[in-house]
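User: Could you take a close look at one helix in this model and walk me through what surrounds it? I would like the cut-offs spelled out as you go.

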Amino acid sequence: MKIITSILILIYAGVNAQNKDAKDFFESHAVYRKVNNTLSFIDKSSTILLNDYDKSVIYALVFPNHEGSFSVSLKNQLPTIDKNQLKCFKINDNRFVVFVDRSEENFGETKQYKNNFAIKEKEVASCDGLLKKLKENKLPKIPENVFAYAIFEENFVYLEDLATFDALQYLQIEYDLNRSK
């Protein structure tokens with residue numbers, strides 16, 4: 001009986017690990033929705049699919065620009081940011097979210113920053129696995145891209161700047177243009 005129970009627990013843990021998204025990592029609904037939009041873009045972007053980037057490790061880099069704004073970009077190369085600032089979250093074997101923790105900086109001490117960028121610390125994984133996979137990656141660098149957002153009233157996020165490949169495909173995700181009426 002113990003063996004069956006153990007197997008069921010392992011299967012349950014495996015299924016839960018496969019269903020992670022940014023909601024599991026960020027306290028802010030506004031932030032995790034935007035990060036999830038960016039993660040959805042990996043599966044829809046013609047550039048990513050045609051160049052086989054989707055076969056490599058891709059991470060969404062979430063970078064707070066200030067206490068009320070942040071940007072998300074897709075990367076498949078080693079980060080150039082100090083490793084001590086990185087908080088890594090594993091979605092699956094080839095997909096990660098990497099948050100740049102800027103709480104040590106002046107604006108990181110504000111209540112607004114803490115409210116907007118609170119993370120679920122228990123979900124933080126070691127960045128070592130991601131960094132090792134990125135060192136092994138042989139695919140060319142994903143083209144420069146940034147999805148920049150401004151936060152208003154700590155819960156409404158506005159797309160402030162879109163500098164990316166396949167911009168129209170991203171806007172369809174961002175504004176849910178594919179939903180049926």
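Analyst: Happy to: here is a walk around helix α5, its neighbours, and then the wider packing.

A few conventions come first. This is a predicted model, in which local features need pLDDT of at least 70 and side-chain atom pairs count only at pLDDT 80 or more, while totals for chains, interfaces and linings use all residues. Residues are numbered from 1 along each chain as its sequence is written, and side-chain values use heavy atoms, with hydrogens and water left out.

Helix α5 spans residues 128–136; helices here are DSSP runs of H or I with at least four residues, strands are runs of E with at least two, and both are numbered from the N terminus. Leu130, Leu131 and Leu134 of α5 are buried. Buried means under 20% relative accessible area, exposed means over 50%, and partly exposed lies in between, with a 1.4 Å probe and protein chains only. The three leucines sit on the same side of α5, because they cover an arc of only 95° around the axis, where the arc is taken from the directions from the helix axis to the C-beta atoms. The general background is that an α-helix has 3.6 residues a turn, so residues three or four places apart point the same way. On the face turned away from the buried side, α5 carries the exposed residues Lys132 and Lys135. The cover over the buried residues of α5 includes β1 (58–66), β3 (86–92) and β4 (95–100), with contact meaning heavy atoms within 4.5 Å.

Just before the helix comes a covalent link. The structure holds 1 disulfide, a term for a pair of cysteine sulfur atoms within 2.5 Å. This disulfide joins Cys88 to Cys127, with S to S at 1.9 Å. Cys88 is in strand β3 and Cys127 in the loop between α4 (111–116) and α5, so the pair links distant parts of the chain, 39 residues apart. The link is right-handed, with 105° about the S-S bond, and both Cys88 and Cys127 are buried.

Lys83 adds a polar link to the start of the helix. Lys83 belongs to the loop between β2 and β3 and is partly exposed, with a relative accessible area of 43%. Setting aside residues up to four places away in sequence, Lys83 touches Asp128 and Leu131. The side chains of Lys83 and Asp128 make a polar contact at 2.7 Å; such a contact is a pair of N or O atoms within 3.5 Å, where within protein one must be able to donate a hydrogen and the other to accept it, and residues adjacent in sequence count only if both atoms are side-chain atoms. The C-alpha atoms of Lys83 and Cys127 are 8.1 Å apart, although 44 residues separate them along the chain.

Beyond the helix, Asn137 lies in the loop between α5 and β5. Asn137 is buried, with a relative accessible area of 15%. Its side chain reaches the backbone oxygen of Asn76 at 2.7 Å, and a polar atom of that Asn137 side chain lies 3.1 Å from the backbone nitrogen of Leu139. Apart from neighbours within four places in sequence, Asn137 is in contact with Ser56, Asn76 and Gln77.

Now for the wider packing. A nonpolar core is a set of buried Ala, Val, Leu, Ile, Met, Phe, Trp, Tyr and Cys residues joined through side-chain atoms within 4.5 Å. In the largest one, with 35 residues, Phe26, Val35, Phe70 and Val97 touch the most other members. Helix α2 (29–44) gives the most to this core, with 7 residues. A second, separate core of 12 residues includes Leu134, together with Val57, Phe96 and Val98, and Leu134 is one of the buried residues of α5.

Last come the aromatic rings. The whole structure has 13 aromatic pairs; rings of Phe, Tyr and Trp (its six-membered ring) pair if their centres lie within 6.5 Å, and planes under 30 degrees apart count as stacked, over 60 as edge-to-face and the rest as tilted. Phe26 and Phe99 are edge-to-face, because their ring centres are 5.8 Å apart and their planes at 80°. Phe26 lies in the loop between α1 (2–18) and α2 and Phe99 in strand β4, so the pair ties together parts that are 73 residues apart in sequence. Both Phe26 and Phe99 are buried.
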